[in-house]
Amino acid sequence: MPELNLPEDFETFPEARKKSFLRLKELKDQGRRIVGTFCTYTPSELVTAADAIAVGLCGISEELIPPAETRLPKNLCPLIKSSYGGALSGKCPFFYFSDMILAETTCDGKKKMYELLGELKHTHVMQLPPGSTGVKALEFWKAEVVDIKEEFERFYGIEITDEKIREAIKLRNRERKAVLDFFEVGRLKPSPVSGYEINTIISSNDYNYDIEGKIAYLEKRTAELKDLYEKEYKGKPSRPRILITGCPTTGVMDKVIKRIEELGADVVGFENCCGPREKKDPVDETKDPITAIAEKYLRVNCSVMSPNPGRLDALGTQIDEYQVDGVVEVLLHACHTFAIEADTIKHYVTTEKQLPYMAINTDYSPADQAQIDTRLGAFIELLGAQC
Ligand code: BJ8
């Protein structure tokens, strides 16, 4: 197996997460506010405007699933079970240190799980409209954005001024730009960065509580990689280039992303919540801040929205910009919304874009690794023959 090209100080996601527990405890001891979050729909600007730290609570570990199955059905998405299992068993320090939880009514499994989570800790669930395009959708969602601002004010006994929100929007937009620029290194051909590093760094950065520090790190790594491209990669042949789409991949990073690269292809981009999709769309800094935040988050192209036409446009653009040779869709078990959209995605990729597509249905268990390897191996061989 070829070694992945990783920086010398590379930390795996579990290592980075472990380190961040200790930092979070220090911050908690210093009296910092901490809000647990789950989703790309979370208006992080309001968490920042409340002088709070947002910590991601999405479960990625298989070992947290058995405790969850004492209350949740077995045939549920592993991300949901692992998230709840971490909270219920007391094994998720991020949940433990959170003052409160901010969640959204996305898929059915998550929103029903949040009801159980509310038994353990104060949980505010923002109601998402079922579609982003209906006439009342923005009005409805904007009221939810106002509501969470007021909820933070009540919960923490603070006032969140428009000025605070504007500052938070500017900071988060700068962060978005730094993340986007890092992702876009994957557009270079051949890519000087492995998709495993991209997925690891972006997921680990959710646990970097210093936003300015995060921006500085990403800018530095982006510059290093561009330099590396000029010196060592430019003009050399490229391995087959794969775009990942579908469910979030943090929990299956080693099982799918790393394996693709060990088997001979490059994961150059992610059209999912681990990718640049949301980063390309900043909050409008010229508008009333609440309206701008509501508009921005309503444009997130998740399969939980019906209809969800923006996803195909985003996918098509990314296929072109990243010079993709094939698309791999990751479907977590029992994720009905992405599984149903998969047929449309497959049709679009294979007919409109005339590219090979494969879907991997999986969960957090290692039991299907050999089967995944065999299928990925055949897919990459096919891509290699076409490149
Ligand atoms: S905006 S992708 S982070 S909802 S994989 S739990 S959808 S059953 S994670 Fe997601 Fe927000 Fe959408 Fe992104 Fe449900 Fe599917 Fe599980 Fe999922």
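A residue is called buried under 20% relative accessible area, exposed over 50%, and partly exposed in between. The model examined here is predicted. Phe-155 has a relative accessibility of 33%, so this residue counts as partly exposed. Tyr-156 is buried, because its relative accessible area is 16%.

These two residues introduce the aromatic contacts. The count of aromatic pairs comes to 7. One of them joins Phe-152 and Tyr-156. Their ring centres lie 6.5 Å apart, the planes make an angle of 35°, and the pair is tilted. Both residues belong to helix H7, which covers residues 137–156. They are 4 residues apart, about one turn of the helix. Phe-152 and Tyr-156 are both buried. Tyr-156 also meets Phe-155, with 5.0 Å between the ring centres. The planes of Phe-155 and Tyr-156 stand at 85°, so this pair is edge-to-face. A charged side chain joins the picture at Tyr-156: Arg-33 lies over the face of the ring, 5.3 Å from the ring centre. Elsewhere, Lys-296 is placed over the face of Tyr-297, at 5.3 Å from the centre of that ring. Phe-13, Phe-21, Phe-94 and Tyr-207 make up one aromatic cluster.

The chain is assigned to two parts, domain 1 (13–163) and domain 2 (166–386). Their C-alpha centres are 22 Å apart. Domain 1 brings 49 residues to the contact, and domain 2 brings 43. The size of an interface is often expressed as the accessible area lost when the parts come together. Between domain 1 and domain 2 the buried area is about 3,800 Å². Carbon and sulfur atoms give 69% of this area. On the side of domain 1, Phe-13, Tyr-41 and Glu-45 supply 20% of the area buried against domain 2. No other three residues supply more. Phe-13 is thus named twice, as it is also a member of the aromatic cluster.

Across this interface there is 1 salt bridge. Glu-45 also forms a salt bridge with Arg-176, with N and O 3.0 Å apart. Glu-45 and Arg-176 belong to a network of salt bridges as well. Its other members are Glu-278, Lys-279, Asp-281, Lys-296 and Arg-299. Lys-296 is the residue that lies over the face of Tyr-297.

Salt bridges in the model number 41. One of them links Lys-19 to Glu-11, with the closest N and O atoms 2.5 Å apart. Lys-19 counts as exposed because its relative accessibility is 54%. Glu-11, at 28%, is partly exposed. Another salt bridge joins Glu-184 and Arg-187 at 3.1 Å, N to O. Glu-184 has a relative accessible area of 22% and is partly exposed. Arg-187 is also partly exposed, at 29%. A further bridge brings together the side chains of Asp-320 and Lys-353, at 3.0 Å from N to O. This pair links distant parts of the chain, 33 residues apart. Asp-320 lies in helix H13, whereas Lys-353 lies in the loop between H14 and strand E8 (357–362). Asp-320 is partly exposed, with a relative accessibility of 48%. Lys-353 is partly exposed at 23%.

The backbone has two cis peptide bonds to describe. One joins Lys-189 and Pro-190, with omega about 0°. Pro-190 sits in the loop between helix H8 (162–183) and helix H9 (195–205). The other runs from Ser-306 to Pro-307, with omega near 0°. Pro-307 is in the loop that connects helix H12 (289–298) and helix H13 (310–321).

Positive phi values occur at Gln-323 and Ala-334. Gln-323 is not a glycine, yet its phi is about 50°. This residue lies in the loop between H13 and strand E7 (326–332). Gln-323 is partly exposed, at 38% relative accessible area. Ala-334, also a residue other than glycine, has phi near 70°. Its place is the loop between E7 and helix H14 (336–352). Ala-334 counts as partly exposed because its relative accessibility is 32%.

Notes: Residues are numbered from 1 along each chain as its sequence is written. This is a predicted model: local features need pLDDT of at least 70, side-chain atom pairs count only at pLDDT 80 or more; totals for chains, interfaces and linings use all residues. Side-chain values use heavy atoms; hydrogens and water are left out. Rings of Phe, Tyr and Trp (its six-membered ring) pair if their centres lie within 6.5 Å; planes under 30 degrees apart count as stacked, over 60 as edge-to-face and the rest as tilted. Helices (H or I, at least four residues) and strands (E, at least two) are DSSP runs, numbered from the N terminus. Buried means under 20% relative accessible area, exposed over 50%, partly exposed in between (1.4 Å probe, protein chains only). A charge sits over a ring if NZ of Lys or CZ of Arg is within 6 Å of the ring centre and within 35 degrees of the ring normal. Domain bounds come from an automatic or database domain assignment. Contact means heavy atoms within 4.5 Å. Buried area is the accessible area (1.4 Å probe) that two parts lose on being put together, summed over both. A salt bridge is a side-chain nitrogen of Lys or Arg within 4 Å of a carboxyl oxygen of Asp or Glu.
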